[in-house]
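Subject: Structure for your review

Dear colleague,

Please find below the structure that I am handing over to you. I would be grateful if you would read the notes beneath it alongside the coordinates.

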Number of protein chains: 2
Amino acid sequence: VSCLFCDIVAHKALASIIYEDDKAMIFLDLFPIREGHALVIPKCHESHVERLDNDVASHLFLLARRLVRAQRLAGIRADAHNLLINNGKAANQHVPHVHLHVIPRLMGDTLSRAVVWGTRMLNVAGIEKRRRRLDAQAAMLAKAFADTN
Amino acid sequence: VSCLFCDIVAHKALASIIYEDDKAMIFLDLFPIREGHALVIPKCHESHVERLDNDVASHLFLLARRLVRAQRLAGIRADAHNLLINNGKAANQHVPHVHLHVIPRLMGDTLSRAVVWGTRMLNVAGIEKRRRRLDAQAAMLAKAFADTN
């Protein structure tokens, strides 16, 4: 069965990668809720977070926390963050491979971000141009990420 | 400074508790998005998840994953779950003490749950009656939680 995120892990599909190690990868969401919106995923294929090994799950969570610090260090605009796992299709999981969203938020943007949540997948125009912008952001975030621990 | 969740940890404020140990506590949200909606919190006071010690953070995440299994075991209606941390006020964090939401979801309920998110804090009528219902749910979930690992 084909899985987009497994293809990204295998470097067979494009992604704007911030970090990877033997267990996990971080890349920018192609349909961002806001600039800097990233996904932390396990390299092993698993749809549900409660089925991951404890050490892999803990690792993902620690990486997400480190990413919050890295975003601040990189100067990404964020007054706060949402950390979110949509665990199963009924919870709005679109790719059935565990991913932890790390989403920068600005004060007062709840309604506008809710609208973006509802419409972001329709935003397929200018993917090429967006990819170049995401690649530049990912490079900046990768540098900041390397400076955190 | 007074903190509602610290008061719950100290058993000075009421909550429908599912689980507690020396580092963490799980109780039902008083304004649930859906039946079974629970919060996993650290006992130590900290507003932001990236500032928690690694071992406390990992522990919270493992408890949340175990809670997903416990909800299934307890027969809580759920096709999927959202696991969510609103990390800071601009990300819709209402109590400035880290809490990881574990929210059961049913297929097709996205719009109705979005409306509940936006209005749930207004739902202050019948708190006493709701507390009795939540206490019964918590007792059921506590039993299921004890049977998971």
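The notes below go from the overall fold to the pairing of the chains and then to individual residues.

Please bear in mind that this is a predicted model.

Overall fold of chain A

Chain A contains four helices and five strands. Their order along the sequence is α-β-β-β-α-β-β-α-α. The C-alpha trace extends over about 35 × 35 × 30 Å along its principal axes. The radius of gyration of chain A is 15 Å, which agrees with the value near 15 Å that a compact globule of 149 residues would have. Of those 149 residues, 54% count as buried. Among contacts with a sequence separation of 6 or more in chain A, 65% are between residues 24 or more positions apart.

Surface and charge

The exposed area of chain A is about 6,900 Å², and carbon and sulfur atoms supply 56% of that area. The chain carries 20 positive and 15 negative side chains, with the centres of the two sets 7 Å apart.

Relation between the chains

How are the two copies related? A turn of 180° with a shift of 0.0 Å along the axis lays chain A on chain B with an RMSD of 0.0 Å. The copies are therefore related as by a two-fold rotation axis. Within chain A, the residue that comes closest to this axis is Leu84(A), whose C-alpha lies at 2.2 Å. Both copies use the same surface, since 100% of the contact residues of chain A recur in chain B.

Backbone: two positive phi values

Most residues other than glycine have a negative phi. Two residues of chain A may therefore merit your attention in this respect: His11(A), with a positive phi near 60°, and Asn92(A), with a positive phi near 70°. His11(A) sits in the loop that joins α1 (4-9) to β1 (17-20). Asn92(A) belongs to the loop between β4 (80-87) and β5 (100-105). With a relative accessibility of 26%, Asn92(A) counts as partly exposed.

Two histidines in their surroundings

Is His59(A) buried or partly exposed? Its relative accessible area is 21%, so His59(A) is partly exposed; the cut-off for buried is under 20%. His59(A) lies in helix α2 of chain A, which covers residues 54-73. Beyond its neighbours within four places in sequence, His59(A) is in contact with Asp21(A), Lys23(A) and Ala24(A). Ile41(A) is 18 residues from His59(A) in sequence, and the C-alpha atoms of the two are 10.0 Å apart.

In chain B, His37(B) is located in the loop between β2 (24-28) and β3 (38-42). His37(B) counts as buried because its relative accessibility is 0%. Which residues does His37(B) touch, not counting those up to four places away in sequence? They are Leu28(B), Asp29(B), Phe31(B), Pro32(B), His101(B), Val102(B), Ile103(B), Pro104(B) and Arg120(B). A separation of 34 residues in sequence lies between His37(B) and Gln71(B), while their C-alpha atoms are 9.6 Å apart in space.

Yours sincerely

Conventions:
Residues numbered from 1 in each chain as written. Chains lettered and ligands numbered in written order. Predicted model: local features only at pLDDT ≥ 70, side-chain atom pairs only at ≥ 80, totals over all residues. Heavy atoms only, no water. Helix = DSSP H or I, 4+ residues; strand = E, 2+ residues; numbered from the N terminus. Rg over C-alpha atoms; globule rule 2.2 N^0.38 Å. Buried < 20%, exposed > 50% of the residue type's maximum accessible area, 1.4 Å probe, protein only. Contact = heavy atoms within 4.5 Å. Areas by Shrake-Rupley, 256 points an atom, 1.4 Å probe, with all protein chains shown as cover. Lys, Arg positive; Asp, Glu negative; His and termini not counted. Charge placed at Lys NZ, Arg CZ, Asp CG, Glu CD. Least-squares fit on C-alpha atoms with pLDDT ≥ 70 in both.
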